[in-house]
Every structure is written in structure tokens, then in C-alpha cells.
Amino acid sequence: MALTARERLRAAEEAVRQLKAGLDRAGVTLPSLRVDPLTATAEGALPLVELGRCNLDTALRLACVLEGPRGE
């Protein structure tokens, strides 16, 4: 059974919530993190999560988080 438009939007909103929480725990804030409003209203499409733009400091902190602990 396919998801309804409302269910897809709720799933995207939950993904944004989880991303924000995880990034917050890592000390990273993406100020533009949100559900893309254009794709959220498109019929039959999956909403996109917009990660947005960030400054160099944020990009470097995010890269460090994704790299993980050194020595593994």
C-alpha cells in the first residue's frame, strides 16, 4: 500500500526531527534544515529534506562528525 501525501509529509517531518536531534547531540546546527515546501505539496512525489546552506565552520564540524572517532 502506498503512503498518502499526508503520511509522506509526516515521515519527512519526522526525518527532519531525528536529523536535528542527532546533529544537536554532535554539536552541529544546520540552520536551514527543513522539509522542502515545494516538494511537500507536490502530488505523488516524496518530500525532500532540505539540508540547506551552512558556513565553513559548520561544514567542517559536520565533516568531523561524519569521519567519526580517529583510530578505528
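Let me begin with Cys-54, which counts as partly exposed at 33% relative accessibility. Please keep in mind throughout that the model on the screen is a predicted one.

A biochemist will ask about disulfides. How many disulfides does a search of the whole structure find? The count is 0. The sulfur of Cys-54 has its closest cysteine sulfur in Cys-64, and because 13 Å lies between the two sulfur atoms, they are too far apart for a bond. The cut-off applied here for a disulfide is a pair of cysteine sulfur atoms within 2.5 Å. Taken from the other side, Cys-64 has Cys-54 as the partner with the closest cysteine sulfur, again at 13 Å. Cys-64 itself is exposed, with a relative accessible area of 51%; the threshold for calling a residue exposed is over 50%.

I turn now to helix H3, which covers residues 56-67. Does its length agree or disagree with the span expected of a helix? H3 has 12 residues, and at 1.5 Å a residue these should span 16 Å; the end C-alpha atoms are 16 Å apart, so the two values agree.

Both ends of this helix deserve a comment. At the N-terminal end, Asn-55 acts as a cap: one of its side-chain oxygens lies 3.2 Å from the backbone nitrogen of Asp-57. Just after H3, Gly-68 takes a positive phi of about 85 degrees. Pro-69 is found in the segment after the helix, and with a relative accessible area of 56% it is exposed. Pro-69 and Asp-57 are 12 residues apart along the chain, and their C-alpha atoms are separated by 19 Å.

One further position brings us back to an H3 residue number. Thr-29 sits in the loop between H1 and strand S1, the latter being residues 34-35. Thr-29 counts as exposed, at 52% relative accessibility. From Thr-29 to Ala-59 there are 30 residues in sequence, while the C-alpha to C-alpha distance is 9.7 Å.

Next, the interior. The structure holds 1 cavity of 30 Å³ or more, and the largest cavity contains about 30 Å³ of space. Which residues line it? The lining consists of Ala-5, Arg-8, Leu-9, Thr-39, Ala-40, Ala-42, Ala-45 and Pro-47. By class, that lining has 6 nonpolar residues, 1 polar and 1 charged. Helix H1, residues 5-25, and helix H2 each supply at least two of the lining residues. The largest share, 3 residues, comes from H1.

Among the lining residues, Ala-45 merits a closer look. Ala-45 lies in the loop between helix H2, residues 37-40, and strand S2, residues 49-50. Is Ala-45 buried or partly exposed? Its relative accessible area is 29%, and therefore Ala-45 is partly exposed. The C-alpha atoms of Ala-45 and Val-35 are separated by 13 Å, with these positions 10 residues apart along the chain counted as their separation.

Leu-46 has its place in that loop between H2 and S2 as well. Leu-46 is exposed, with a relative accessible area of 60%. Leu-46 and Arg-34 are 12 residues apart along the chain, and 14 Å separates their C-alpha atoms.

To close, I return to the cysteines: the search of the whole structure gives 0 disulfides, and Cys-54 and Cys-64 have sulfurs 13 Å apart, too far for a bond.

Technical notes: Residues are numbered from 1 along each chain as its sequence is written. This is a predicted model: local features need pLDDT of at least 70, side-chain atom pairs count only at pLDDT 80 or more; totals for chains, interfaces and linings use all residues. Side-chain values use heavy atoms; hydrogens and water are left out. Helices (H or I, at least four residues) and strands (E, at least two) are DSSP runs, numbered from the N terminus. Buried means under 20% relative accessible area, exposed over 50%, partly exposed in between (1.4 Å probe, protein chains only). On a 1 Å grid over the protein atoms alone, a cavity is a set of points where a 1.4 Å probe fits but cannot get out, and a pocket is an open set with protein on both sides within 12 Å along at least five of seven lines; lining residues have an atom within 4 Å of a point. Grid points are joined across faces, edges and corners, and a volume is the space filled by probe spheres set on the points. Ala, Val, Leu, Ile, Met, Phe, Trp, Tyr, Cys and Pro count as nonpolar, Asp, Glu, Lys and Arg as charged, and the others, Gly among them, as polar. The expected span of a helix is 1.5 Å times one less than its number of residues. A polar contact is a pair of N or O atoms within 3.5 Å; within protein, one must be able to donate a hydrogen and the other to accept it, and residues adjacent in sequence count only if both atoms are side-chain atoms.
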